There are 2 protein chains.
Amino acid sequence: MERRQFLKGAALAGPAVAASALAAPALAQARVELNIVSTWGRDFPGLGTSAQRLSARITELSNGEIQTNYFAAGEKVGAFDSFDTVANGDAQAYIAADYYWVGKHPGFAYFTSVPFGMTGPEWNAWIKFQNGQALWDELSGEFGLKALPCGATGTQMGGWFNKEIETPEDLRGLKMRIPGLGGTVMSKLGVSTVSLPGGQIYENLVSGAIEATEWVGPYNDYFMKFYEAAKFYYTAGMHEPGGGLAFGMNEGFWNGLSDHHKAIITAACYEENANQPEEAIANNGIYLKKLIEEHGVQLRSFSDEVWDAFGEASEEVFAETREHSPLAAKINDDFQASLRANGSYTKIAEVEFSNQRNRVLGL
Amino acid sequence: MERRQFLKGAALAGPAVAASALAAPALAQARVELNIVSTWGRDFPGLGTSAQRLSARITELSNGEIQTNYFAAGEKVGAFDSFDTVANGDAQAYIAADYYWVGKHPGFAYFTSVPFGMTGPEWNAWIKFQNGQALWDELSGEFGLKALPCGATGTQMGGWFNKEIETPEDLRGLKMRIPGLGGTVMSKLGVSTVSLPGGQIYENLVSGAIEATEWVGPYNDYFMKFYEAAKFYYTAGMHEPGGGLAFGMNEGFWNGLSDHHKAIITAACYEENANQPEEAIANNGIYLKKLIEEHGVQLRSFSDEVWDAFGEASEEVFAETREHSPLAAKINDDFQASLRANGSYTKIAEVEFSNQRNRVLGL
């Protein structure tokens, strides 16, 4: 698996320079065309609108020098075909959760979220100021890609269930949509798991093909109408504490950009990387209330016993992931070390403060 | 207090267009000069290096169209003179914690951090996606200024003390450096408080003029050498859960910018607004270890009894702040409403996950 599978495609794909650039003033940079294929539906609140905002922002910040064309899921290719499309050079970038590509390499899971992993700020610290980006570059480079963080969901809810989950035994035999290593953890506990793009979850839940699903949080989940088939909504899950999203570019395209255009794309990605989870926080409380009051959703939390079972299964999953390849082991070990360093600190800062504030104010 | 105190200065100060812009190509925008006065010392790790990075980034993202000149504290004016300097149009922007200006208007405290307030992500949600920025604009506009978020410390540590604080009585009579409304809370509990810029804290602590101080967190605090005079380092404090920083511009300068240059400055500020606290998370664990192992610092946490006393005093402080003016009341009430909405959600997401993860992994 650790070879440059799409090297040929990557080498052929240089920056897509529009013909009109030839007529541009001498001091202006060549006009660049950037086709973006996304895994989110057109105008989907939260994930989709964030991706569209990023696309428009790149053009705006470059003063029109980088012309982006945004294709929502299905408009150019299907959601799960976006990786190959960009690796092959048929588009210049995808917007996705990189854990969709664990079939290509399990290391991709660490660049979205892994069970018991880092929260958004901890993960960003790893990506930007520890070894995260270098490891991501090494992994993406195997496939002719270069990825940047471009959004995040924040800690995801535990998911939607058509029955209560009180003990680990209640999970056995359940059919659930949950991708990434979180899905593998659920499999260890007897869950029959499947990975589906967002646009296909509702129909499978309503038909009974699946009995449970995780998606994101109240703001994103509200519009999915899962409550029609599953009334129990579980708070914080173990599976996606950060939910980081990727702006995955064709490596040849990226390498052909000027330093200025690289800076513009990076700044736009980093800006949206912060904006998206902050927009979710601003909306999640409102939509959670609507779910409960308008649709009779019942909020539940996993018990310590269930969390402990998740923890044991996660250890097995990480041990197996390490065995895949030296690169998978290197990514896992560096991630786990930064998790312990960063998490030990946020425990005595953000988390300790939040616990005391919530106690004193009665939140 | 609610009048446009510096209206004359603001009206006179348009964009500082450099003479060389006259020779630029027809399609390029006018070259803009942007002088930034900062409240942080030159090259100070964390706060200072973040502000300098932002200054350079604005020039980089604008492809040189916005030429920034960065002046650290004392290089052009003293740290606490930066507000008036920018309001008067003698510089175009300051980088500061806006709670330094509570003497001008107590509403400024809410645009850094207030006791029992919002964590960084919650506060950013309020600023960007709820009513925060509009209220900040209304307040800053009273002084001929326009501010954007441009950095954050993350939840600040409780501070450095030369004795242990086990009960609220231990605070009585203590001389402590703590600015903003957190300082007012401490005053209610019998602490004699003072606000000092960073560059003056060490000398006052070593001389005994003050017996305690808060600053930021391990990464920033390490270089201040407070451990030479105060060995007890308290984890999460009540006073600055977010620690947001401001890029405060002269309003006339801002209004004279092109939409493209406004977008560049906003994106650079938002990018750094995320980068700074993430850089702190990446470093805080490392520097906390150095403080403990190299300098014998002893870590302590405030007891529930002390937190409860902080809580009661905070209620008094907010009631008094509301009485200052209709605008102060409006800012406080909107902040408190968003705090409860956003905090109630993060409680069942980020915080619940972190507590379970830390328990299961033994962090």
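A residue is called buried when its relative accessible area is under 20%, exposed when that area is over 50%, and partly exposed in between. In this predicted model, A:Asp43 has a relative accessible area of 47%, and therefore counts as partly exposed. The residue sits in the loop of chain A that runs between strand 2 (32–38) and helix 2 (47–61). Its backbone also deserves attention. Most residues other than glycine have a negative phi. A:Asp43, however, has a positive phi near 65° and is not a glycine. In chain B, B:Asp43 likewise has a positive phi, of about 60°, without being a glycine. B:Asp43 belongs to the loop between strand 2 (32–38) and helix 2 (47–61) of chain B.

From these loops the reader may turn to the contact between the two chains. The size of an interface is often given as the accessible area lost when the parts come together. For chain B and chain A, the buried area is about 6400 Å². Carbon and sulfur atoms give 63% of that area. Which three residues of chain B supply more of the area it buries against chain A than any other three? They are B:Ile281, B:Tyr345 and B:Phe353, which supply 11% of the area that chain B buries there. Counted by residues, the contact takes 77 from chain A and 77 from chain B.

The model also contains enclosed spaces. There are 8 cavities of 30 Å³ or more, and the largest cavity holds about 660 Å³ of space. Its lining consists of 40 residues, and those nearest its centre are A:Gly120, A:Pro121, A:Glu350, B:Gly120 and B:Pro121. Both chains take part in this lining: helix 4 (120–129), helix 10 (259–295) and helix 12 (326–361) of chain A and of chain B each supply at least two residues, as does strand 5 (145–152) of chain A. Helix 10 of chain B provides the largest share, with 7 residues. By character, the lining of the largest cavity divides into 19 polar, 15 nonpolar and 6 charged residues.

A pocket offers a second kind of space. The second largest pocket has a volume of about 230 Å³. It is lined by 15 residues, and B:Thr39, B:Trp40, B:Gly41, B:Gly198 and B:Gly199 are the closest to its centre. This lining comprises 7 nonpolar, 7 polar and 1 charged residue.

Helix 4 of chain A, one of the elements that line the largest cavity, is largely enclosed by the rest of the structure, because 8 of its 10 residues are buried. Among them are A:Trp123, A:Trp126 and A:Ile127. In chain B, helix 5 (residues 132–141) is mostly covered, with 7 of its 10 residues buried. These buried residues include B:Leu135, B:Trp136 and B:Leu139. The buried residues of helix 5 of chain B pack against helix 4, strand 5 (145–152), strand 11 (244–250), helix 9 (251–255) and helix 12 of chain B.

The cysteines complete the account. The model has 0 disulfides over all chains. Why does B:Cys150 not form a bond with the closest cysteine sulfur? A disulfide requires two cysteine sulfur atoms within 2.5 Å. The sulfur of B:Cys150 lies 5.5 Å from that of B:Cys269, the closest cysteine sulfur, and is therefore too far away for a bond. B:Cys150 is buried, with a relative accessible area of 3%, and B:Cys269 is also buried, at 0% relative accessibility.

Conventions. Residues are numbered from 1 along each chain as its sequence is written. Chains are lettered from A and ligands numbered from 1 in the order in which they are written. This is a predicted model: local features need pLDDT of at least 70, side-chain atom pairs count only at pLDDT 80 or more; totals for chains, interfaces and linings use all residues. Side-chain values use heavy atoms; hydrogens and water are left out. On a 1 Å grid over the protein atoms alone, a cavity is a set of points where a 1.4 Å probe fits but cannot get out, and a pocket is an open set with protein on both sides within 12 Å along at least five of seven lines; lining residues have an atom within 4 Å of a point. Grid points are joined across faces, edges and corners, and a volume is the space filled by probe spheres set on the points. Helices (H or I, at least four residues) and strands (E, at least two) are DSSP runs, numbered from the N terminus. Ala, Val, Leu, Ile, Met, Phe, Trp, Tyr, Cys and Pro count as nonpolar, Asp, Glu, Lys and Arg as charged, and the others, Gly among them, as polar. Buried means under 20% relative accessible area, exposed over 50%, partly exposed in between (1.4 Å probe, protein chains only). Contact means heavy atoms within 4.5 Å. Buried area is the accessible area (1.4 Å probe) that two parts lose on being put together, summed over both.
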